[in-house]
Amino acid sequence: KAGLSQANFSGVEFQNVNLQEADLSLTEFDDVDLSKTQLQKAKFAQSTLSSMTFKGQDLTGVVFDKGAVKKSNFDKAKMNKTSFFDTEVSKCEFRGTELTKAVFDGAYIKKNIFDGADMDKAKPVLSKEFASKHVLKLDEPKTKTAKKTTKSTKAAKKSAPKSKKSK
C-alpha cells in the first residue's frame, strides 16, 4: 500500500503503475491519464481531480469521498462499489460504465453524461429513468424542488376530507 497523500500530481505521467489500495487522500490531479494504472480500492478522499482519464479502468472500490471530480472521462470503466459520498461530480463522462452498488449519497452531481451506464443498486438509487431525465443537466435549482413539494403538499391538503370540529 502506497501512502502518497497531500501531493500534487498535476501533469505527471503514470505508465503501468500499481496504486491498488494507495492512500491518495488530499491530493491534486490535473490532466493526468491513469487509464493504464492499477487503482482498485485506492483512496482519493478529499482530493481534487480535474481533466482526468480513467477510460476502461477497473476502479472497483475506489473512494472519491468529500472531494471534487471534474471534467473527467470514466467511459467503460468498472466502478463497482466506488464511492462518491459528499463529492462534487461535474462535467464527467460515464458512458457504458459499470456503477453497480456505487455510492452517490450527498454528492453534488452536475452536467454529467451517464449514457448506457449500469447503475444497478447504486445509492441513492440512480434508475434508468433518472439517468434519462438527467443525462446532461443534473443541476436544477433546489428552490424549484422545494416549490414543487410545497404545491403538492397544498394540493394534498385541499383534497383531504375536512374533519368535523368538536363542540
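Is Glu 93 buried or partly exposed, and what is its relative accessible area? In this predicted model, Glu 93 is partly exposed, with a relative accessible area of 26%. The residue also takes part in a salt bridge, and the report returns to that contact after an outline of the fold.

**Overall architecture**

The protein contains two helices and five strands. Along the sequence these elements follow the pattern β-β-β-β-β-α-α. Of the 167 residues of the protein, 37% count as buried. Strand β1 covers residues 28-30, strand β3 covers 68-70, and β4 and β5 cover 88-90 and 108-110, respectively. Helix α1 spans residues 128-134.

Within strand β5 lies Tyr 108, which is partly exposed at a relative accessible area of 42%. Its C-alpha atom is 9.3 Å from that of Ala 68, although the two residues are 40 positions apart in sequence.

**Salt bridges**

The model holds two salt bridges. One joins the side chains of Glu 93 and Arg 95, with an N to O distance of 2.8 Å. The other pairs Asp 75 with Arg 95, whose closest N and O atoms are 3.5 Å apart. Asp 75 belongs to the loop between β3 and β4, and Arg 95 to the loop between β4 and β5, so this pair ties together parts that are 20 residues apart in sequence. Asp 75, Glu 93 and Arg 95 are thus linked in a network of salt bridges.

The members of this network can also be described by their accessibility. Asp 75 is buried, because its relative accessible area of 9% falls under the 20% limit for buried residues. Arg 95, at 32%, counts as partly exposed, and Glu 93, at 26%, is likewise partly exposed.

**Polar contacts in the segment before β1**

Two residues of the segment before β1 deserve description, namely Ser 25 and Asn 18. Ser 25 is buried, with a relative accessible area of 15%. Its side chain is joined to the side chain of Asp 23 by a polar contact of 2.6 Å.

Asn 18, by contrast, counts as partly exposed at 47% relative accessibility. The side chain of Asn 18 reaches the backbone nitrogen of Gln 20 at 2.9 Å. That side chain also makes a polar contact of 3.2 Å with the side chain of Gln 38. Asn 18 and Gln 38 are 20 residues apart along the chain, and their C-alpha atoms are separated by 4.7 Å.

The contacts described so far between side chains, together with the contact to backbone nitrogen, are collected below.

| Residue | Partner | Kind of contact | Distance |
|---|---|---|---|
| Glu 93 | Arg 95 | salt bridge | 2.8 Å |
| Asp 75 | Arg 95 | salt bridge | 3.5 Å |
| Ser 25 | Asp 23 | polar contact, side chains | 2.6 Å |
| Asn 18 | Gln 20 | side chain to backbone nitrogen | 2.9 Å |
| Asn 18 | Gln 38 | polar contact, side chains | 3.2 Å |

**Backbone conformation**

Most residues other than glycine have a negative phi. Which conformation does Asp 86 adopt at phi? Asp 86 has a positive phi of about 55° although it is not a glycine. This residue is placed in the loop between β3 and β4 and counts as partly exposed, at 40% relative accessibility.

Lys 111 likewise has a positive phi of about 55° without being a glycine. Lys 111 lies in the loop between β5 and α1, and its relative accessibility of 38% makes it partly exposed.

**Surface charge**

On the surface, a patch of positive charge is formed by Lys 41, Lys 43, Lys 81, Lys 101 and Lys 121. One of these residues, Lys 101, is located in the loop between β4 and β5. Lys 101 is partly exposed, with a relative accessible area of 42%, a value that satisfies the requirement of over 30% for membership of a patch. The loop between β4 and β5 therefore holds Arg 95 of the salt-bridge network as well as Lys 101 of the positive patch.

Definitions and conventions. Residues numbered from 1 in each chain as written. Predicted model: local features only at pLDDT ≥ 70, side-chain atom pairs only at ≥ 80, totals over all residues. Heavy atoms only, no water. Patch = residues over 30% accessible without salt bridge, like charges linked within 9 Å, V, L, I, M, F, W, Y side chains within 5 Å. Areas by Shrake-Rupley, 256 points an atom, 1.4 Å probe, with all protein chains shown as cover. Salt bridge = Lys/Arg side-chain N within 4 Å of Asp/Glu carboxyl O. Lys, Arg positive; Asp, Glu negative; His and termini not counted. Charge placed at Lys NZ, Arg CZ, Asp CG, Glu CD. Helix = DSSP H or I, 4+ residues; strand = E, 2+ residues; numbered from the N terminus. Buried < 20%, exposed > 50% of the residue type's maximum accessible area, 1.4 Å probe, protein only. Polar contact = N/O pair within 3.5 Å; in protein donor to acceptor, adjacent residues only side chain to side chain.
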